[in-house]
Amino acid sequence: MANEKEVKVQIFDKVYDYNKLSPEVKKLFILQDDIRRDLAFQHARADVALLQIKEQLEKLIKNETPIGDAEKGEWYE
């Protein structure tokens, strides 16, 4: 594979040619990348869910009676 294009990847603080990495390193690099992408997707979904909950809570809380002001430290009255 003499015509293989160099594919630069960063692992920790160094840059490597992906095509020259050992099979074991490639496997772990791909696994790490897959997990990172999956976590990023889950994080994005969680952000959307939290935003929806916050919006619903803001609508519903208007019907409740507060017992203090948290910014003033009035937690218990």
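**Reasoning through the Y18 and F29 pair and its surroundings**

In this predicted model, both Y18 and F29 are buried.

User: Happy to start there. How many aromatic pairs does a search of the whole structure find?

Analyst: Just one aromatic pair turns up. The ring centres of Y18 and F29 lie 6.2 Å apart, and the limit for pairing is 6.5 Å, so the two rings count as a pair.

User: What makes the pair of Y18 and F29 stacked, tilted or edge-to-face?

Analyst: The angle between the planes decides. Theirs is 55°; stacked needs under 30 degrees and edge-to-face over 60, so the pair is tilted. Y18 is in the loop between β2 and α1, while F29 belongs to helix α1, 11 residues apart.

User: How do you know that the charged end of K26 sits over the ring of Y18?

Analyst: That charged end is 5.1 Å from the ring centre, and the distance limit is 6 Å. The definition also asks for a position within 35 degrees of the ring normal.

User: Why do β1 and β2 count as paired strands?

Analyst: At least two bridges are required. Strand β1 (residues 8-11) and strand β2 (residues 14-17) have four, in the antiparallel sense, so they qualify as a pair. They form a hairpin with two residues between them, and I11 stands opposite K14.

User: And why is N63 called exposed?

Analyst: N63 has a relative accessible area of 65%, and exposed means over 50%, so the label fits. N63 is found in the segment after α1.

Methods:
Residues are numbered from 1 along each chain as its sequence is written. This is a predicted model: local features need pLDDT of at least 70, side-chain atom pairs count only at pLDDT 80 or more; totals for chains, interfaces and linings use all residues. Side-chain values use heavy atoms; hydrogens and water are left out. Buried means under 20% relative accessible area, exposed over 50%, partly exposed in between (1.4 Å probe, protein chains only). Rings of Phe, Tyr and Trp (its six-membered ring) pair if their centres lie within 6.5 Å; planes under 30 degrees apart count as stacked, over 60 as edge-to-face and the rest as tilted.
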